[in-house]
Amino acid sequence: MSNESSSSKKSVASRLARTIFILISATTAIAMVAVDFFIDDADDTILNLELRADAAFFEEQLSTGTFRSLETPRLEVFFLPAGESESGLPYYFQGLSLPYADEFEENGVTKQVIAKKVERPAGKLYLAQDTTILESRQGLIQWILLGITSVMFLAAFFISRASANYIVRPLKRLTHEIQSIEPSKSMQRCHSDYTDWEFAHIAESFNLFLSELESHIERERSFVKLASHELRTPLAVISGAVEVLEQRGDLSEANQKTITRIRTTTHAMKDDMEVLLALARSEDREEANQQFSVYRLARELIVDLEQSTPAYRGRVKLEHEDSEAIFADPSLVRLLLRNLIQNALRHTRSDVVITIRTGEIVVQDFGMGLPLENWKQLSEPDIEVFSVKQKGNFKNSTFGLLIVRLVAERLGWTLELIRSNNEGTAFRIVIGNAGT
């Protein structure tokens with residue numbers, strides 16, 4: 001689940017590389033567009049400045065009587081007196097709506113044409129400048145710009161990736177160091193010798209967190225150790241007192257049953273205490289694994305509950321289907337089942353049904369369902385099934401359900417919340433190592 005969620009997240013290096021690539025590409029594109037704009041502006045300069053200056057020059061010659069028509073490979077100048085026909089003019093001067101200023105192109109020849117009316121002497125002045133060479137150079141320059149832009153985009157792609165990897169390298173190093181830290185009594189620390197103060201500050205803060213965590217774990221370990229001693233002592237006293245009473249031999253039959261009951265309960269408490277202490281320490285214990293029948297264990301457990309609490313008599317129904325013996329720690333399984341059953345009995349007044357099949361155990365009641373805070377802890381909005389491998393927040397869970405989840409995790413079994421509504425609550429325990 002964590003691998004899938006992490007693989008679906010975006011990488012900081014990828015985001016940084018994409019940002020650098022976009023910035024370089026945008027800068028390159030803006031520069032190329034600006035250069036292309038200045039090249040295109042050359043045509044407007046010829047048309048709006050150079051040719052207009054030439055037209056003013058020849059118009060002055062017309063006013064002084066020194067004008068002569070001009071026809072060169074690059075520049076053509078004609079004056080048509082008022083009333084004369086345009087048929088003698090080149091075709092691109094004919095039929096123009098004066099004043100006129102535009103570009104003319106035909107058969108690979110490009111000309112900038114300007115025409116205007118002249119008052120002294122009355123007539124029309126025509127100028128045309130051949131800009132074919134300039135246009136061809138402009139096309140070549142545009143192709144060169146396109147090539148440069150492509151090369152810049154390609155360079156931006158590699159530069160952005162290299163830059164992003166260089167920038168993110170300390171972060172990857174720090175992430176690798178944090179991931180390599182294994183939970184233990186004395187945990188490895190991260191190096192804080194980073195050039196960038198941000199990464200050094202993160203490493204120092206994380207090291208401080210590890211120190212506080214170790215201190216907290218050590219306090220819990222000391223507390224559990226002391227609690228272990230304080231719990232074992234009274235149980236040992238009770239067991240010793242029971243042995244003394246039996247050795248006296250003056251017990252009545254009723255008292256003997258009571259003493260037997262006390263001994264059985266004391267042994268069960270001792271086993272449960274050992275399991276709970278091991279769970280509290282989160283340490284591996286030598287599991288007394290053996291092959292046994294879950295149905296027989298559940299039946300003995302029901303009898304024990306009914307004897308200890310008369311109000312429970314007749315409320316637990318045990319349904320047995322074909323099932324195989326399992327190989328596990330009976331004390332863990334007993335603790336798991338007892339807490340599930342007791343939780344159902346304490347929170348409902350109706351019957352509790354236990355169904356044992358091959359590979360699974362189903363415990364269901366017919367009350368009003370789990371409280372809302374417990375339901376939120378045991379299920380996701382769209383997923384009714386939760387795995388014990390998913391470490392949850394137990395602050396709102398009842399103590400019984402907390403024990404159930406911890407024991408199921410230790411056994412490697414899966415706990416599923418099938419239903420929790422006004423029709424009751426049902427849990428399924430999927431046995432991971434069922435069978436012989």
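Let us start with one residue: Glu 59, at 25% relative accessibility, counts as partly exposed, because the buried class ends under 20% and the exposed class begins over 50%. The model you are looking at is a predicted one. Glu 59 is a handy place to enter it.

**A salt bridge as a starting point**

Which residue does Glu 59 meet in a salt bridge? The partner is Lys 116, and the N to O distance between the two side chains is 3.1 Å. This pair links distant parts of the chain, with Glu 59 in helix H2 (residues 12–64) and Lys 116 in strand S4, 57 residues apart. Lys 116 counts as partly exposed too, at 28% relative accessibility.

**The protein as a whole**

Now step back and look at the full chain. The protein has nine helices and 12 strands. Of its 436 residues, 35% count as buried. The accessible surface comes to about 26900 Å², and 56% of that belongs to carbon and sulfur atoms. If you take the contacts between residues at least 6 apart in sequence, 63% of them join residues at least 24 apart.

**The antiparallel sheet**

Strand S4, where you found Lys 116, belongs to an open sheet of five strands in the order S1-S2-S5-S4-S3, with antiparallel pairing. Strand S1 (70–71) and strand S3 (100–106) are the edge strands, each pairing on one side only. Follow S4 (residues 109–118) along strand S5 (residues 123–130), and you will find eight bridges between the two in the antiparallel sense. As an example, Ala 115 stands opposite Tyr 126 in S5.

**The mixed sheet and its helices**

Another open sheet has five strands in the order S7-S9-S10-S12-S11, and its pairing is mixed. Why do S7 (316–320) and S11 (414–421) each have one side without a neighbour in the sheet? Both strands stand at the edges with a single partner strand, so one side of each is left free of a neighbour there. On average, neighbouring strands of this sheet are turned by 15° against each other, direction ignored.

Inside the sheet, S10 (residues 360–365) and S12 (residues 424–430) run antiparallel and are joined by five bridges. Val 362 has Arg 428 in S12 as its bridge partner. Two helices that pack on this sheet are H6 and H7. Helix H6 (residues 294–308) touches S7, strand S9 (352–357) and S10, and its direction makes about 165° with that of S7. Helix H7 (residues 330–347) touches S7, S9, S10 and S12, and its direction makes about 175° with that of S12.

**The nonpolar cores**

Which residues touch the most other members of the largest nonpolar core? Among its 38 residues, they are Leu 336, Leu 337 and Ile 361. At least two core residues come from each of H6, strand S8 (326–328), H7, S9, S10, helix H9 (399–411), S11 and S12. H7 gives the most, with nine residues. Try selecting Leu 336 in the viewer: leaving aside residues up to four places away in sequence, it touches Val 404, Val 407, Ala 408, Leu 411 and Ile 429. A second, separate core has 12 residues, including Leu 51, Ala 55, Leu 75 and Leu 127.

**More salt bridges**

The count of salt bridges comes to 10. Here are three of them, with the distance between nitrogen and oxygen.

| Residue pair | Closest N and O atoms |
|---|---|
| Lys 116 and Glu 59 | 3.1 Å |
| Glu 177 and Arg 173 | 3.8 Å |
| Asp 304 and Arg 334 | 3.2 Å |

Glu 177 and Arg 173 both lie in helix H3 (residues 132–179), four residues apart, about one turn of the helix. Is each of these two buried or partly exposed? Glu 177 is buried, with a relative accessible area of 10%, whereas Arg 173 counts as partly exposed at 36%.

The pair of Asp 304 and Arg 334 links distant parts of the chain, helix H6 and helix H7, across 30 residues. Both Asp 304 and Arg 334 are buried.

Finally, Arg 357, Glu 360, Glu 416 and Arg 428 are linked in a network of salt bridges. You have already come across Arg 428, the bridge partner of Val 362.

Notes: Residues numbered from 1 in each chain as written. Predicted model: local features only at pLDDT ≥ 70, side-chain atom pairs only at ≥ 80, totals over all residues. Heavy atoms only, no water. Pairing = 2+ DSSP bridges. Axes fitted to C-alpha atoms, helices over the stretch in contact; angles between N-to-C directions. Contact = heavy atoms within 4.5 Å. Buried < 20%, exposed > 50% of the residue type's maximum accessible area, 1.4 Å probe, protein only. Areas by Shrake-Rupley, 256 points an atom, 1.4 Å probe, with all protein chains shown as cover. Core = buried A, V, L, I, M, F, W, Y, C linked by side-chain atoms within 4.5 Å. Salt bridge = Lys/Arg side-chain N within 4 Å of Asp/Glu carboxyl O.
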